[in-house]
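Visitor: I'd like to learn how to read a fold like this one. Could you walk me through it, feature by feature?

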Amino acid sequence: MTECELVAVVARADNGVIGRDGGLPWHISADLRHFKRMTQGKPMLMGRRTFASLPGLLPGRRHIVLTRDAGWHAEGAEAALSVAEALALADGPASVIGGAEILALFWPHLTRIELTEVHAAVEGDTILPAPGPDWHEIARTEHPAEAGNPALSFVSLVRR
């Protein structure tokens, strides 16, 4: 398999929370716009629960769903039974969007992380550890708190 750009696109609260009850623990318009910019025009690799949490098929993106269920099917989605099969289906640059188990499976293959740091401690049931020392920050954009939403940082990281 040739190495191609594989980017995790994830929002994480300061306390590590990325999810609650099968969805995001926040609704922050700036983060949703950032997610759209980062994933537009690329295949998105995700788990079955993440696919189910979407409001529907997201326009301009392929939906590749990693599942253990060989009989799983959903209109507009492509099923993959392994990381290798998902990467082969993507056949080029792709985004990994979650959940935590899927991010862990693809972690060794990631070339970049587009991380939204949500500057708050939020309640949730899905935690993602902070990227470790093998990741180097190459860009950061700060956004102040507004309209009742916490401050955000959009951070780009590449593997050292």
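Visitor: Let's start with the pocket. Which helices and strands each supply at least two residues of the lining of the largest pocket?

Guide: One thing before that: this is a predicted model. The general idea is that rolling a probe the size of a water molecule over the atoms shows where empty space is left. Here, the strands that each give at least two lining residues are β1 (6–13), β2 (17–19) and β6 (94–98). The helices that do so are α1 (29–39), α2 (48–53) and α4 (100–106).

Visitor: What volume does the largest pocket have, and which residues lie nearest its centre?

Guide: Its volume is about 1100 Å³. The lining counts 39 residues, and nearest the centre you'll find Thr-50, Ser-53, Ile-97, Gly-98 and Gly-99. By class, the lining of the largest pocket splits into 17 nonpolar, twelve polar and ten charged residues.

Visitor: Gly-98 and Gly-99 again, then. Is the peptide bond from Gly-98 to Gly-99 cis or trans?

Guide: That bond is cis, with omega near 0°. Gly-99 sits in the loop between β6 and α4. While you're checking backbone angles, look at Asp-91 too: its phi is positive, about 50°, although it is not a glycine. You'll find Asp-91 in the loop between α3 and β6.

Visitor: On to the sheet. In what order do the eight strands come?

Guide: Generally, strands of a sheet pair through backbone hydrogen bonds, either parallel or antiparallel. In this case the order is β5-β4-β3-β6-β1-β7-β10-β9, an open sheet with mixed pairing. At the edges stand β5 (77–80) and β9 (135–143), each with a single partner strand, so one side of each has no neighbour in the sheet. On average, neighbouring strands are turned by 25° against each other, direction ignored.

Visitor: Do β9 and β10 pair in the parallel or the antiparallel sense?

Guide: Antiparallel, over eight bridges, with β10 covering residues 152–159. Within that pair, Thr-141 stands opposite Phe-154 in β10.

Visitor: Which strands does α1 touch when it packs on the sheet?

Guide: α1 touches β1, β3 (44–47), β6, β7 (112–118) and β10, and its direction makes about 30° with that of β10. Helix α3 (residues 83–90) lies across β1, β3, β4 (63–66), β5 and β6, and runs at about 145° to β5.

Visitor: And the loop between β9 and β10? With which residues is Ala-145 in contact, leaving aside its neighbours within four places in sequence?

Guide: Ala-145, which is in that loop, is in contact with Pro-150 and Ala-151.

Visitor: Last one, the aromatic rings. How many aromatic pairs are there?

Guide: The count comes to two. One of them is Phe-51 with Trp-72: the ring centres are 5.7 Å apart and the planes at 90°, so the pair is edge-to-face. Phe-51 belongs to helix α2 and Trp-72 to the loop between β4 and β5, so the pair ties together parts 21 residues apart in sequence.

Terms used. Residues are numbered from 1 along each chain as its sequence is written. This is a predicted model: local features need pLDDT of at least 70, side-chain atom pairs count only at pLDDT 80 or more; totals for chains, interfaces and linings use all residues. Side-chain values use heavy atoms; hydrogens and water are left out. On a 1 Å grid over the protein atoms alone, a cavity is a set of points where a 1.4 Å probe fits but cannot get out, and a pocket is an open set with protein on both sides within 12 Å along at least five of seven lines; lining residues have an atom within 4 Å of a point. Grid points are joined across faces, edges and corners, and a volume is the space filled by probe spheres set on the points. Helices (H or I, at least four residues) and strands (E, at least two) are DSSP runs, numbered from the N terminus. Ala, Val, Leu, Ile, Met, Phe, Trp, Tyr, Cys and Pro count as nonpolar, Asp, Glu, Lys and Arg as charged, and the others, Gly among them, as polar. Two strands pair if DSSP finds at least two bridges between them. Axes are lines fitted to C-alpha atoms, for helices over the stretch in contact, and angles run from 0 to 180 degrees between N-to-C directions. Contact means heavy atoms within 4.5 Å. Rings of Phe, Tyr and Trp (its six-membered ring) pair if their centres lie within 6.5 Å; planes under 30 degrees apart count as stacked, over 60 as edge-to-face and the rest as tilted.
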